[in-house]
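Visitor: I've got a structure open and I'd like to know where its labels come from. Can you take me through the reasoning?

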Amino acid sequence: MKRTILVLIILTVIVALPPFYIQWAESQRLNRIQEMKQQARQIFGEPLEKVISELKNIEPPSAVILYTGNTKSHLEPCGCYHEQSGGLPRRAYAIEQIRQCGFLTLVVDAGNIFDGQEKIDTQRCQTNMKALSEMDYSAVALSNTDFTYDNNYLIQQKDLATFPFLSPNEMQKDFTEPYVTKQVGQHTIAFVAGNVPKQAVSKADVIVSLGNPKEPEHIDVVILPDEIEAMKTETNTLYVGSKPEGKTLGLLALWIDASGKLTDHHAAHIALTGEVGESELIRQLLTDFYRSTAEENATQSAPLFADQELEKQGNGYASAVTCKECHEQEYHQWSATRHAFAYQTLLKKERYFDPSCVSCHTTGYGYASGFQIGDQDSTLKGVQCETCHGPGKQHAGNPKKTNIRSGKDTSLCLQCHDAKHSPGFTDVVELHTKDVDHSREPMNLEELLTSRIERMGKPILELFVMSYCHFGIRAEEKIAPIVKKFGGKIDFKLRFIAKEKDTVSRQDITPFSSLHGYPEVAENIRQLLIAQEYPEHYLDYILCRGKKLNKSWEDCAWKLGIDVERIQRLFDAPKAEQLFRENIKRAAELGIKASPTILVDNHRFPINQLLRASGTPCQ
């Protein structure tokens, strides 16, 4: 007997241990990837809320100077990962938040503001000038680097600005000023570029130099475009520096006594990471720039993998849909990965006009048969099979190992996952290969939503059903607990599949038709009304109703505390039909006829893949 029990225990361990080990190993792999990437993703500066809180908890400063430098008209980071810092929309938001606190605030730039020699660079710098004007900058100093551009270029940029360009150079006096003074409360602050004009000394209480002066006499504060730690010299001049590419917003709080003497200061850098909001006005300004320059910029973008044999042969792109015909398992595994959703990232980040981003978020961009900017119906959105395996038109027509890539060369990954866009990726590229292992079981719905939340923040889950469809009801039974679990982390939308009649006769009870007749139309509308009026109960109502379709709907409503008379009044009102009309429009636009159908962030997935369920769809 003891031997039998021991054998059973050993067999149980043998059977149970591998799944637990696999789960543990996968967890260790993902944790290692996350750890290595976090170490590589350096965050610059302090949180905006912390900086504001610190200022509010001390004696109010006489003035707050917000500053940037060495931005080279960098508009914003690419948005490839959350910790990326910088961006004009975030900067504008941070400036506005500080101004709303009531501080006497001035905003300036210390120079090195222009960059690039191409026409697109000129347009980018002009967009920067417009944005700085909207942020109400007080002055921008021109550095020696800025003066490498000719006067005509600088005058064109100045014409777009509402603030003065500062320079001590007499040769540029037609479009620059030697200094500018600003009144903050009872005090006057002069901003100069380089040496201090005598007029500034006589007019100002505090003098701030934007850029490094040759003679720091009379200067109280020096704001450099370069990175340095805040420091005071023996002559009591305060020096502060700037983070490049606008990665932070420098903050300098000054306390000035009644005699006009600078008595104290507080210096900080505000981190402009994803936690910071965005100015809608500046976001629109950048979107307009991306749109207007997309076509012109596209001609300047080098396509990926141009040195690879399949690309050099001029082979055409066929899309993942074509690959699916022979590689269905691989297709389904890929379809739930981040690669498949790469284009949705651009849509959310408003970067789908930017060729430098489109190149790595679509397939075949830059080639005649590849993705084209503006083609919203393209089958080549996302990082598809042919990104790793090469253009596959020839392979689709005549499958051979010699006319396709194996996809094992991880050096190709690094053309997009470089140090700028994916810091730390080089160290974990081997660990990442499992994510693109097509032999793995495709993600289920819960795993997919978890992945999307980590990457995008709030995915959209859409379920298209007919309320009397038994397979649709089974799908609802599986989805409802998942929706409850994720709560506000996802945006769940219940869509119905029905049609509006072309003509309605007097005998028709409803202008809509559905597979299971009028009772289904009526139930669809009731479920929409309950979702609208009782959002905390509608999932439970749907689950209850699915088990009692042969009984009165009131039974489930009463059980859940839903006011039956109220729902009936709304049902009889004309607005109910309009609510249903708007709801079924989405399925009609997408050509969805099968109940159930699931979309996650506009990607359609097989029910058996996401819910691990099988059945006969209603259509």
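Guide: Sure, and let's begin with the cysteines. Counting bonded cysteines along the chain, the disulfides pair up as 1-2, 3-6, 4-5. Keep in mind that this is a predicted model.

Visitor: What makes C360 and C416 a disulfide?

Guide: The sulfur atoms of C360 and C416 are 2.0 Å apart, and the cut-off is 2.5 Å, so the pair qualifies as a disulfide.

Visitor: Why is the disulfide of C360 and C416 given a handedness?

Guide: Look at the torsion about the S-S bond: for C360 and C416 it is about -90°, so this disulfide is left-handed. C360 sits in helix 12 (residues 355–361), while C416 is in the loop between helix 14 (393–397) and helix 15 (425–432), so the bond ties together parts that are 56 residues apart in sequence.

Visitor: How do you know whether C360 and C416 are buried or exposed?

Guide: Buried means under 20% relative accessible area. C416 has 17%, so C416 is buried. C360 has 22%, and therefore counts as partly exposed.

Visitor: What makes C469 and C618 a disulfide, and which hand does it have?

Guide: Their sulfur atoms are 2.2 Å apart, which is within 2.5 Å, so the label applies. The torsion about the S-S bond of C469 and C618 is about 90°, so this one is right-handed. The bond links distant parts of the chain, with C469 in the loop between strand 13 and helix 17 and C618 in the segment after helix 23 (607–610), 149 residues apart. Both C469 and C618 are buried.

Visitor: And how do you know that C544 and C556 form a disulfide?

Guide: The sulfur atoms of C544 and C556 lie 2.1 Å apart, again within 2.5 Å, so the pair counts. With -80° about the S-S bond, the link of C544 and C556 is left-handed. C544 is in helix 19 (residues 538–546) and C556 in helix 20 (residues 553–559), 12 residues apart. Both C544 and C556 are buried. The structure holds three disulfides.

Visitor: Why is C80 in no disulfide?

Guide: The nearest cysteine sulfur to that of C80 belongs to C78, at 3.1 Å. A disulfide needs sulfur atoms within 2.5 Å, so C80 doesn't make the cut. With 16% relative accessibility, C80 counts as buried. C388 is in no disulfide either; the nearest cysteine sulfur, from C413, is 5.9 Å away. At 28% relative accessibility, C388 is classed as partly exposed.

Visitor: On to the charged side chains. What makes R124 and D121 a salt bridge?

Guide: The N to O distance between the side chains of R124 and D121 is 2.9 Å, and the rule asks for within 4 Å, so the pair is a salt bridge. R124 and D121 are three residues apart in helix 4 (residues 119–134), which means about one helical turn separates them. Both R124 and D121 are buried.

Visitor: What about K485 and E446: why are they called a salt bridge?

Guide: For K485 and E446 the N to O distance is 2.1 Å, which is within 4 Å, so they pass. K485 lies in helix 17 (residues 470–486) and E446 in helix 16 (residues 445–456), so the pair ties together parts that are 39 residues apart in sequence.

Visitor: How do you know which of K485 and E446 is exposed?

Guide: Exposed means over 50%. K485 reaches 58%, so K485 is exposed. E446, at 29%, is partly exposed.

Visitor: And what makes R495 and E462 a salt bridge?

Guide: The N to O distance of R495 and E462 is 3.0 Å, within the 4 Å limit, so the name fits. R495 lies in strand 14 (residues 491–496) and E462 in strand 13 (residues 460–465), so the pair ties together parts that are 33 residues apart in sequence. R495 is buried at 17% relative accessible area, and E462 counts as buried at 3%.

Visitor: Which residues form a salt-bridge network?

Guide: E76, E278, R283, R351 and D354 are joined into one network by salt bridges that share partners. By this rule the count comes to 25 salt bridges.

Notes:
Residues are numbered from 1 along each chain as its sequence is written. This is a predicted model: local features need pLDDT of at least 70, side-chain atom pairs count only at pLDDT 80 or more; totals for chains, interfaces and linings use all residues. Side-chain values use heavy atoms; hydrogens and water are left out. Helices (H or I, at least four residues) and strands (E, at least two) are DSSP runs, numbered from the N terminus. Buried means under 20% relative accessible area, exposed over 50%, partly exposed in between (1.4 Å probe, protein chains only).
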